[in-house]
Amino acid sequence: AMTAYNEVSQGFDGFDQALIGQAWNLIQMGEYSSTIEKSHLLLKNYLASNFAYEALVLSAHCKHILNESKDAAHSYRYVIRAHNAMSLQEEYDSERGQLKEQLKTLQELENNAIELRREELYLKINLAKDEIDGFMNQIQEKGDQGTILVQDYYDERLDILEHINQLDRVVDWASQNGREDVVDTALRQKSRLIKVLDIFQADRDVANTAYLVDFPLAAKEANINYRRNSISMTYNELDLEKRRIENVLETTSQMQDFFKNQATITDQWDLQVLQNDLDGLRDQTSRFRKWINSAIPDAPQSNMDYWADYAGVKLSELVFEARAQKLNEIDQHSSRLETIENILEFRRIDLQQQLDDFEQEIRTLQDHLLDKQIELEQLEKQTYFEHHYFDTRITEEEDWESRLRELLEQ
């Protein structure tokens, strides 16, 4: 199969089918990196391919197997967000359809008002039509939801500028009337608005936003669905119109039979002309219905709902795996913390025991020093008592006699 796919020319209109086929073959052969490569090649060269979501899911599945969970989750999220973008665009198109239905209803009311010559009712209907027409033009100018977001962004900035201009007028008025308190308040408000405007100006990301640009396939399918619905409604309306023409034709034929011998030649001729016109209108309506039926675009083939649901399930699995991994890490950290706490407790007990031993040794040394101090004091007192308490010095007289005796002997 891979050999056959490789022989498909890259210039073939359905080359994306060959790429998705190669991706499926590669994943069955266990070549996950090559599967990712083929999927990315399809996404790069065929932005709105019907196989885009399928390729994204295949790529994400392979990344999950290769433990690239973060990139896999990103691919799954893209498919889910594309489905959300599709839903948002369908709501947008539904709103446009409702406006068109309201315009049709107003047109019928306008015709009735003209027939009944209700001038005041006719004016109110025209005002309502003008309002809806203006809103429809606004939608067409803004385009998709992303452009509406950008337009709202610029409208908000214009509102802030208008408020700043109003505050300038307030400052001028307050200055002329000597209201310094009003001037101070207005200047503070103006400073705050200028700061807000600076923040708006710095937010370049909003200006570069285009909601559906990042989801080209979703935009394409939403457009196809809108066209299919619009053409189907037109086809049904043509079918009803054809039935009404056929009913009128039947009535005309009955009138011709009824007035065959009673009506004038002019009336019979008028009925014949009316019947011919109705026959031609019926034939034109039938041909237009056939053309409308052939113009209905084929339904989208991307199977978005299936792949979005699958991506949601796989993304949930990734989230639960990440959660289980985090819980496992928490358990490991808790076990390590418990071990560390046990070690710290053991060391604390050991240090406490050492401190107690040191305190005991210090007490022993203090007692020994105290005994030595007492012994020294006692020794000092004994020495003093023995040598200094009694006066054993030679008197001055005795000293003179001994010196005289020594001199005499000499």
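**View 1. The residue that follows helix α4 in the predicted model.** Just after α4, Asn 67 adopts a positive phi of about 65°, in a model that is predicted. The helix that precedes Asn 67, α4, runs over residues 52-65.

**View 2. Helix α4 and its surroundings.** Of the 14 residues of α4, 12 are buried, so this helix is largely enclosed by the rest of the structure. The buried residues of α4 are Ala 52, Tyr 53, Glu 54, Ala 55, Leu 56, Val 57, Leu 58, Ser 59, Ala 60, Cys 62, Lys 63 and His 64, where buried stands for under 20% relative accessible area. The length of α4 also agrees with expectation, because 14 residues at 1.5 Å a residue should span 20 Å, and the end C-alpha atoms of α4 are 20 Å apart.

**View 3. The largest nonpolar core.** This core has 34 residues, and those with the most contacts inside it are Leu 42, Leu 43, Tyr 53, Tyr 76, Val 79 and Ala 218. At least two of its residues come from each of α2 (15-28), α3 (32-45), α4 (52-65), α5 (69-116), α10 (216-258) and α12 (304-387), and α4 gives the largest share, with 8 residues. Leaving aside residues up to four places away in sequence, Leu 43 touches Ala 52, Ala 55 and Leu 56.

**View 4. A second, separate core.** Apart from the largest core, there is a second core of 7 residues, which includes Leu 103, Ala 113, Ile 125 and Ile 132.

**View 5. The loop between α2 and α3.** Glu 31 lies in the loop between α2 and α3, and Glu 31 counts as partly exposed because its relative accessibility is 35%. Although Glu 31 and Cys 62 are 31 residues apart in sequence, their C-alpha atoms are 8.9 Å apart in space; Cys 62 is itself one of the buried residues of α4.

**View 6. A nonpolar patch on the surface.** Leu 337, Ile 340 and Leu 344 make a nonpolar surface patch of about 280 Å², and Leu 344 of this patch is found in helix α12.

**View 7. The whole protein, for orientation.** The protein has 13 helices and 0 strands, and buried residues make up 24% of its 410 residues. Among contacts between residues at least 6 apart in sequence, 68% join residues that are at least 24 apart. The protein exposes about 29,800 Å², of which carbon and sulfur atoms supply 52%.

How values were computed:
Residues numbered from 1 in each chain as written. Predicted model: local features only at pLDDT ≥ 70, side-chain atom pairs only at ≥ 80, totals over all residues. Heavy atoms only, no water. Core = buried A, V, L, I, M, F, W, Y, C linked by side-chain atoms within 4.5 Å. Buried < 20%, exposed > 50% of the residue type's maximum accessible area, 1.4 Å probe, protein only. Helix = DSSP H or I, 4+ residues; strand = E, 2+ residues; numbered from the N terminus. Contact = heavy atoms within 4.5 Å. Areas by Shrake-Rupley, 256 points an atom, 1.4 Å probe, with all protein chains shown as cover. Patch = residues over 30% accessible without salt bridge, like charges linked within 9 Å, V, L, I, M, F, W, Y side chains within 5 Å. Salt bridge = Lys/Arg side-chain N within 4 Å of Asp/Glu carboxyl O. Expected span 1.5 Å × (residues − 1).
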